[in-house]
Amino acid sequence: MMTFLEGGFGAFIGQNLQEFWGFTGFANATWGHLIMICVGLFFLYLGIKHKMEPMLLVPIGFGILIGNIPFHDGMQIGIYEEGSVLNYLYFGVKNGIYPPLIFLGIGAMTDFSALISNPKLMTIGAAAQLGIFGAYIAALAFGFTAAEAGAIGIIGGADGPTAIFLSSRLAPDMMGAIAIAAYSYMALVPVLQPWIMKLCTTKKERLIRMRPPRPISKSEKVMFPIIGLLLTCFLVPSGLPLLGMLFLGNLLKESGVTKRLATTAGGPLIDIVTILIGLTVGASTQATTFLTEKSLLVFAIGAASFIIATFGGVMFVKFLNLFLKEGNKINPLIGNAGVSAVPDSARVSQEIGLKYDKTNHLLMHAMGPNVAGVIGSAVAAGILLGFLG
Amino acid sequence: MKKLSLFLIMALCGLGLSAQGVLNVRINEVLVCNDNDIVDDYGECQSWIELFNTGYERVNIGGCYLGIRYADRFDAQGNKLVKKYYIPRNNPNTSIEPQGYRLFFCEGNDEKGTFYTNFTLEDAAVDMVILYNANGKDVISVFKFPAGYQPQPDEAWGILGNAEIESKLFPTFSRSERRQMTDDQYLDAVAAGLLYKPQPMQKNTPAATNEIGEVVPRHEVFRQHDPAGGVMAVTAMGVVFLALVAIFIVFKVFGKIMIGQTNRKEAKHKGESAVVTAKDTSYSGEEVAAIAMALRLYSEDLHVKESTVITINHVSRLYSPWSSKIHGITTVPEKKNR
């Protein structure tokens with residue numbers, strides 16, 4: 001009151017305005033914030049204009065904008081500030097709660113029929129995990145710790161929730177960069193994969209017609225999640241949160257008696273969690289923690305891991321064909337689908353296949369290795385967690 | 001009967017779960033002669049007992065008993081005398097977090113608080129510290145000093161071997177074996193059968209792990225042994241293949257059984273004696289696509305109009321008791337004149 005009277009009304013207003021200015025985003029902005037906002041806008045552009053994984057890129061892009069609005073520390077609004085609303089939402093990412101819920105939804109939406117009808121496609125899903133371990137070796141060579149290398153390697157699994165789950169356990173500081181890299185490359189699958197597929201195959205191989213899948217009985221569909229869970233989780237118990245939820249979701253769908261639960265898991269639940277995970281992962285990329293040399297390396301190694309994974313999948317099919325009789329051979333164009341990235345990589349197989357033979361529809365066959373890739377990447381995450389966690 | 005069995009199974013499961021938590025607690029470290037070691041809340045140096053929750057779930061030891069056994073005093077049955085301290089239930093701090101520790105000071109005055117026992121360790125005749133279950137009989141953990149043990153000032157004795165805690169081996173006896181033993185024999189047998197024996201500590205570590213060496217994270221150990229990552233890559237790829245190949249084999253076999261079963265059913269249905277092969281019943285991709293397309297067009301044709309028609313009928317309901325004001329208003333009490 002005394003200051004107000006002594007300094008006069010103008011000085012009082014001036015002081016308040018100055019304080020107000022100090023709290024605005026303009027006063028606290030750095031080049032880093034502006035760069036990250038541009039990245040966020042680019043994600044929104046890709047998602048909205050080009051419809052590249054819009055379900056992921058739109059919430060992540062907007063999350064990047066939210067996370068990079070500059071503010072004065074201590075206002076309990078930042079994602080890393082305890083007590084802020086965003087921090088509460090981020091809890092689900094930090095503690096690996098959202099990824100298993102997403103897997104529940106994926107399980108409830110996935111039809112494993114293609115895989116059950118031709119179970120040898122399962123091995124393609126395993127071969128494509130080569131990207132994970134290739135990236136692991138590369139990350140070690142660049143001086144990352146083994147735990148960090150494991151977290152970076154999982155980008156090659158082409159599975160966002162798995163990447164978030166593993167990085168939150170092995171390298172929480174790098175989770176933002178890893179998640180963004182994983183989702184970005186998943187969106188860029190149609191750009192990253194075709195040239196490798198063409199490079200690794202001959203025209204004759206691209207024209208291979210595969211036998212149509214046999215009809216699958218309900219018993220087989222019901223047995224798959226149960227046997228799948230028991231076999232994979234007895235071998236890799238650390239993959240239980242992801243694999244358990246994936247197979248539970250699938251059992252809800254295939255049992256036929258829990259339609260309401262399956263509809264919820266594959267509908268509203270996965271939608272809600274996708275919004276939350278996208279928003280918070282995007283917001284976790286605050287310029288101060290994200291714009292580092294390490295993040296750039298993560299992106300570079302991540303790209304390499306996708307390339308190695310695609311290469312591994314395609315080459316493994318070629319290898320497999322050496323032992324298969326004529327008529328049973330597999331079109332190597334579905335090898336790329338083993339990297340997971342459901343269903344984009346399977347769509348790439350279909351599109352490339354149609355380019356060479358307008359009547360050769362590979363989508364149905366590619367879905368086999370595609371869903372096997374989901375299981376494979378979850379198993380790989382479990383192994384990394386078991387060894388390095 | 002089925003319901004009763006189910007209830008019994010569930011009850012047994014529940015009992016098993018509840019009992020497991022307390023069994024994870026062990027007497028981890030004991031300091032008998034505290035001259036210059038840690039001080040208690042009253043600023044005094046007291047002998048202490050450290051309990052360690054070796055498990056990964058929170059455990060409440062409230063209601064359990066902490067006791068000592070005197071080698072030179074005997075009870076009415078001729079067993080060595082055991083003095084027990086009842087750990088009160090009303091203190092939330094008796095709940096030990098996973099892999100957590102709790103210290104009990106042994107001054108012989110339990111009026112100072114929950115973590116002060118009614119006995120003291122500074123008695124040459126004390127040869128054993130025991131943690132009992134809430135019934136005061138079943139032993140959870142024993143800590144036996146070696147024969148001829150002479151306490152040294154500020155020298156704690158503890159259990160080493162954290163790496164093997166998860167496979168804690170607690171000697172158990174059958175009910176008949178236990179019945180044949182005296183209490184002393186039982187306690188001595190338990191102490192003799194323990195995997196970990198107390199040993200003098202190089203450094204006292206109250207309320208902390210007894211492992212004083214630097215703990216190297218597992219991923220660092222892994223890196224030291226496999227700097228290039230090749231072993232990890234080969235091993236992990238092998239495990240991924242193993243998992244998926246296992247599913248492949250199971251479903252290959254299962255698939256064959258199912259095909260056979262389907263064929264047999266079809267053959268039976270058609271009255272054919274020969275088994276129909278899967279090849280005969282399969283359709284080409286084009287046929288499947290054509291059938292699917294036809295079905296889709298048919299279903300769309302069926303619903304294209306219905307799904308866009310919204311019928312709104314005006315419902316006129318002149319009177320409903322649910323919306324009647326007569327039923328919603330409290331009736332004014334009638335005034336009765338005498």
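## A tour of chains A and B

Start by selecting Ile49(B), which stands opposite Phe104(B) in strand S7(B). The model is predicted: local features need pLDDT of at least 70 and side-chain atom pairs count only at pLDDT 80 or more, whereas totals for chains, interfaces and linings use all residues. Residues are numbered from 1 along each chain as its sequence is written, with chains lettered from A and ligands numbered from 1 in the order in which they are written.

**Stop 1: the sheet in chain B**

Extend the selection to S2(B), residues 48-53, and S7(B), residues 101-105; they pair in the antiparallel sense over 5 bridges. Helices (H or I, at least four residues) and strands (E, at least two) are DSSP runs, numbered from the N terminus, and two strands pair if DSSP finds at least two bridges between them.

Add strand S1(B), residues 25-31, which is joined to S2(B) by 6 bridges in the antiparallel sense. In this pairing Val25(B) is opposite Asn53(B) of S2(B).

Which strands make up the open sheet, and in what order? There are 5, arranged S7-S2-S1-S10-S11 in chain B, with antiparallel pairing. S7 and S11 (199-200) of chain B are the edge strands, each pairing on one side only. To view the S11(B) edge, select S10(B), residues 156-158: 2 bridges join S10(B) to S11(B), and the two run antiparallel. Gly158(B) stands opposite Gln199(B) in S11(B).

Return to S2(B). Why is this strand described as largely enclosed by the rest of the structure? The reason is that 6 of its 6 residues are buried. A residue is buried if 20 or more other C-beta atoms lie within 10 Å of its own, exposed if 12 or fewer, and partly exposed in between, with C-beta atoms placed from the backbone. Trp48(B), Glu50(B) and Phe52(B) lie on one side of S2(B), and Ile49(B), Leu51(B) and Asn53(B) on the other; both faces are covered.

Show the whole of chain B for context: it has 8 helices and 11 strands. Of its 338 residues, 22% count as buried. Among contacts in chain B between residues at least 6 apart in sequence, 65% join residues at least 24 apart; a contact here means C-beta atoms, placed from the backbone, within 7 Å.

**Stop 2: Leu104(A) and its helix**

Move to chain A and select Leu104(A), located in helix H6(A), residues 98-109. Leu104(A) counts as buried because it has 27 C-beta neighbours inside 10 Å. Leaving out residues up to four places away in sequence, Leu104(A) touches Met245(A), Leu248(A), Gly249(A), Ala265(A) and Leu269(A). Gly266(A) is 162 residues from Leu104(A) along the chain, yet their C-alpha atoms are separated by 7.5 Å.

Now add helix H18(A), residues 259-283. The axes of H6(A) and H18(A) come within 8 Å and cross at roughly 145 degrees; axes are lines fitted to C-alpha atoms, for helices over the stretch in contact, and angles run from 0 to 180 degrees between N-to-C directions. This crossing is left-handed, meaning that the near helix is turned anticlockwise from the far one by less than a right angle (right-handed if clockwise). Residues making the contact include Leu101(A), Gly105(A) and Ala108(A) of H6(A), and Ala262(A), Leu269(A) and Val273(A) of H18(A). By class, the residues of this contact divide into 13 nonpolar, 3 polar and no charged. Ala, Val, Leu, Ile, Met, Phe, Trp, Tyr, Cys and Pro count as nonpolar, Asp, Glu, Lys and Arg as charged, and the others, Gly among them, as polar.

**Stop 3: H21(A) and H22(A)**

Select H21(A), residues 344-356, with H22(A). They pack at an angle of about 145 degrees, their axes 8 Å apart, and the crossing is right-handed. Residues that meet here include Ser345(A) and Ala346(A) in H21(A), and Leu363(A) and Met367(A) in H22(A). The contact has 4 nonpolar, 4 polar and 1 charged residues.

**Stop 4: the cores**

A nonpolar core is a set of buried Ala, Val, Leu, Ile, Met, Phe, Trp, Tyr and Cys residues joined through C-beta atoms within 7 Å. In the largest one, of 141 residues, Ile152(A) and Ile178(A) touch the most other members. Helix H22(A), residues 363-388, supplies the largest share, 15 residues. A second, separate core of 39 residues includes Val25(B), Leu51(B), Ile68(B) and Ile96(B).

**Stop 5: where the chains meet**

Finally, display both chains: 39 residues of chain A are in contact with 35 of chain B. Which helix gives the most to the side of chain A that touches chain B? H22(A) does, with 9 residues. The residues on that side of chain A divide into 26 nonpolar, 10 polar and 3 charged.

Note on methods:
Two residues are in contact if their C-beta atoms, placed from the backbone, lie within 7 Å.
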